[in-house]
Amino acid sequence: MVTGAIIAGGRSTRFGEADKAVAPLAGTPMIRRVANRLAGTAASVDPGGDAASDGDPVVDNLLVNCRADQRAAIEAAMGRYPLEVRYVEDDEPDLGPMAGIRHACRGAPDDLVAVVACDMPFVDPSLLEYLCERAADAEAAVPQLNDEWFQTTQAVYRAEPMADACDRALARGDRRIIEPLFDLEYVVVDHDALESVTSERTFENVNTREELDRAARRYRDVA
Ligand SMILES: Nc1nc2c(ncn2[C@@H]2O[C@H](COP(=O)(O)OP(=O)(O)OP(=O)(O)O)[C@@H](O)[C@H]2O)c(=O)[nH]1
Ligand SMILES: [Mg+2]
């Protein structure tokens, strides 16, 4: 069983005043686009697009991690899902994405946690399925596009060991998102493996208004 965990506790500073998690992307809040892809829900709940998310859910439960002050807007932005959606709030804000992943792993009802940042609206469900397979005999499966860049915010973790590793890193004052990995038995999913299951678009993330506009144009193309 797998929990799909959307990490949304950031301040969206490059985006401006608004919270990018709930910003409309081609008419649908970005976080909902991410959730739709995990939940396999498409036209029925999301008129106007996202054919790419049509299909079976790749997760058994959904979880959203955010700050307490974001919660109401995010709940309003999320769709209705046949899966349970849990909300896990940061106990202390602004500790960074790794602290968000820690909360997600602590709050997940399943042993495996497929983490996706709220600003990755093109996340490919088949990649998440593949990462879950690769994590079968490990504590994490993390994509690596080139020699140094680990895609830690679109990766699969085993809930308890990852939460413990995050706690240890944070306890020694290290907030780097990569840090807990070195404490785990992790599998690197390299470029060739990635190429066989998905395209780099799955990792495209939205940081600015311009990137949101560009993503919206692409969304209309794939819908
Ligand atoms: N829980 C939690 N999540 C965070 C935090 N900072 C970033 N994130 C999430 O991590 C993911 C990647 O972070 P960024 O792309 O830097 O997003 P951001 O920090 O909101 O945006 P910027 O302020 O422009 O850097 C996004 O899904 C964010 O919501 C944090 O302090 N706590
Ligand atoms: Mg940031």
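**Exercise 1. Look just past the end of helix 1 and find what follows it.**

Helix 1 is followed by Gly-40, and the phi of Gly-40 is positive, near 70°. Helices here are DSSP runs of H or I with at least four residues, numbered from the N terminus. A note on the model: it is predicted, so local features need pLDDT of at least 70 and side-chain atom pairs pLDDT 80 or more, while totals for chains, interfaces and linings use all residues. Residues count from 1 along each chain as its sequence is written, with chains lettered from A and ligands numbered from 1 in the order written.

**Exercise 2. Work out how many residues of helix 1 are buried.**

Start with the cut-off: buried takes 20 or more other C-beta atoms within 10 Å of a residue's own, with C-beta atoms placed from the backbone. Now go through residues 30-39: ten of ten are buried, so-called mostly covered. Among them are Arg-32, Arg-33 and Arg-37.

**Exercise 3. Describe how helix 3 and helix 5 pack.**

First, the general recipe: two packed helices are described by the angle between their axes and the distance between the axes. The axes of helix 3 and helix 5 (residues 159-171) come within 8 Å and cross at roughly 145°; these are lines fitted to C-alpha atoms over the stretch in contact, with angles from 0 to 180 degrees between N-to-C directions.

**Exercise 4. Find which helix gives the most to the shell around ligand 1.**

Helix 3 (residues 97-107) does, with three residues. In total, 23 residues surround ligand 1, each with its backbone-placed C-beta atom within 6 Å of it.

Notes
Helix = DSSP H or I, 4+ residues; strand = E, 2+ residues; numbered from the N terminus. Buried ≥ 20, exposed ≤ 12 C-beta atoms within 10 Å, placed from the backbone.
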